[in-house]
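This briefing is intended for a reader who has the sequence and the three-dimensional model at hand. Please consult both while reading the points below.

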Amino acid sequence: MKIICVGRNYAKHIEELANEKPENPVLFMKPDTSVLLKKQPFFIPDFSNDVHYEVEVLVRIHKIGKYIQPKFAHKYYNQIGLGIDFTARDLQNELKAKGLPWEKAKGFDGSAVISEKWIDKDNFEDIQQLDFSLQKNGEVVQNANTSLMLWKIDELISYISQFFMLKIGDIIFTGTPSGVGKIQENDILEGYIENQKMFQIKVK
Ligand code: ZN
């Protein structure tokens with residue numbers, strides 16, 4: 001199982017980090033060891049003083065494929081989840097400034113929150129019209145709609161599959177909207193798609 005993440009897929013988030021809008025989707029990977037284990041808290045790692053939450057809609061691949069055309073992409077996934085792409089922003093900024101890969105800042109142990117709950121995509125009329133949000137200690141900190149994606153899910157699958165063969169069980173993090181921010185010990189993070197609670201995480 002691999003985790004493929006998309007960076008810079010929402011215009012307002014690109015602005016808040018003062019990044020350039022890319023010509024193509026920005027891709028990076030998280031190793032399988034980055035998955036936060038079920039029912040476990042997230043421990044802030046020693047190497048960062050600025051870990052950010054990034055709530056993201058997840059897509060689970062259920063059919064093997066490469067060079068997938070956008071018009072056929074919907075056949076390759078059946079479920080939608082929600083996750084957090086925890087990011088050591090201080091370390092990422094250092095690596096970015098040197099032109100180095102981001103893995104240490106994005107792929108460390110526990111950095112991938114994946115909802116236990118998954119929803120069949122057929123339950124939604126249009127997956128590019130989904131509200132999703134993140135609450136921190138009961139307050140909404142990120143709130144967006146999948147219609148705001150620069151590249152739609154089918155386009156992402158097509159693009160990703162030009163480089164990386166997709167296999168059953170692979171998970172795609174589709175990018176975070178604006179509102180990312182720092183976490184602190186004892187924070188409680190809760191994610192929602194529409195009105196359905198998808199996960200709850202405690203920070204330690
Ligand atoms: Zn992200």
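The points below concern aromatic contacts, the zinc site, internal and open spaces, and selected loop residues.

The model is predicted. A zinc ion is held by the protein donors Glu54, Glu56 and Asp85, and 7 aromatic pairs occur in the structure. The largest cavity has a volume of about 130 Å³, while the largest pocket holds about 410 Å³.

**Aromatic contacts**

- Among the 7 aromatic pairs of the structure is the one between Phe42 and Phe108, with ring centres 6.3 Å apart and planes at 50° to each other. This pair counts as tilted because the angle between the planes is neither under 30 nor over 60 degrees.
- The pair of Phe42 and Phe108 joins distant parts of the chain, its members being 66 residues apart. Phe42 belongs to the loop between β2 (26-30) and β3 (51-53), and Phe108 to the loop between α3 (103-106) and β7 (112-114).
- Phe42 has a relative accessible area of 1% and is therefore buried. Phe108, at 9% relative accessibility, is likewise classed as buried.
- One aromatic cluster is made up of Phe42, Phe47, Phe86 and Phe108.

**Charges over rings**

- Arg60 is placed over the face of Trp118, at 4.3 Å from the ring centre.
- Lys63 is placed over the face of Tyr76, at 5.0 Å from the ring centre.

**Zinc site**

- The zinc ion has three carboxylate-bearing residues as its protein donors, namely Glu54 (OE), Glu56 (OE) and Asp85 (OD), which lie 1.9 to 2.1 Å from the ion.
- Along the chain, the spacing of the zinc donors reads E-x1-E-x28-D. Within this set, Glu54 and Asp85 link distant parts of the chain, at 31 residues apart.
- Glu54 sits in the loop between β3 and β4 (55-61), whereas Asp85 is in strand β5 (residues 77-85).
- Glu54 is buried, since its relative accessible area is 3%. Asp85 is buried as well, because its relative accessible area is 1%.

**Largest cavity**

- The structure contains 1 cavity of 30 Å³ or more, and the space in the largest cavity comes to about 130 Å³.
- The lining of the largest cavity consists of 17 residues, with Gly7, Arg8, His13, Glu54 and Lys106 nearest its centre. Glu54 thus appears both in this lining and among the zinc donors.
- At least two lining residues of the largest cavity come from each of β1 (3-7) and α2 (89-97). The largest share, 3 residues, is supplied by α2.
- The classes represented in the lining of the largest cavity are 4 nonpolar, 6 polar and 7 charged residues.

**Largest pocket**

- The largest pocket encloses about 410 Å³ of space and has a lining of 20 residues. Leu36, Lys38, Ile114, Ser115 and Glu116 are those nearest the centre of the largest pocket.
- Two or more residues of this lining are given by each of β7 and β14 (196-202). The largest share comes from β14, with 5 residues.
- The lining of the largest pocket comprises 12 nonpolar, 3 polar and 5 charged residues.

**Backbone and loop residues**

- Most residues other than glycine have a negative phi.
- Asn137, although not a glycine, has a positive phi of about 50°. Asn137 is located in the loop between β9 (131-136) and β10 (139-145), and its relative accessibility of 46% is why Asn137 is classed as partly exposed.
- Asn186 also has a positive phi, near 80°. Its position is in the loop between β12 (181-182) and β13 (188-193).
- Pro45 lies in the loop between β2 and β3, which is also the loop that holds Phe42. Pro45 is buried because its relative accessible area is 15%.
- Pro45 and Gly110 are separated by 65 residues in sequence, and their C-alpha atoms are 9.3 Å apart in space.

Key. Residues are numbered from 1 along each chain as its sequence is written. This is a predicted model: local features need pLDDT of at least 70, side-chain atom pairs count only at pLDDT 80 or more; totals for chains, interfaces and linings use all residues. Side-chain values use heavy atoms; hydrogens and water are left out. Rings of Phe, Tyr and Trp (its six-membered ring) pair if their centres lie within 6.5 Å; planes under 30 degrees apart count as stacked, over 60 as edge-to-face and the rest as tilted. Helices (H or I, at least four residues) and strands (E, at least two) are DSSP runs, numbered from the N terminus. Buried means under 20% relative accessible area, exposed over 50%, partly exposed in between (1.4 Å probe, protein chains only). A charge sits over a ring if NZ of Lys or CZ of Arg is within 6 Å of the ring centre and within 35 degrees of the ring normal. Donors are N, O and S atoms within 2.8 Å of the metal (3.2 Å for Na, K and Ca); water is not among the atoms, so sites may look incomplete. On a 1 Å grid over the protein atoms alone, a cavity is a set of points where a 1.4 Å probe fits but cannot get out, and a pocket is an open set with protein on both sides within 12 Å along at least five of seven lines; lining residues have an atom within 4 Å of a point. Grid points are joined across faces, edges and corners, and a volume is the space filled by probe spheres set on the points. Ala, Val, Leu, Ile, Met, Phe, Trp, Tyr, Cys and Pro count as nonpolar, Asp, Glu, Lys and Arg as charged, and the others, Gly among them, as polar.
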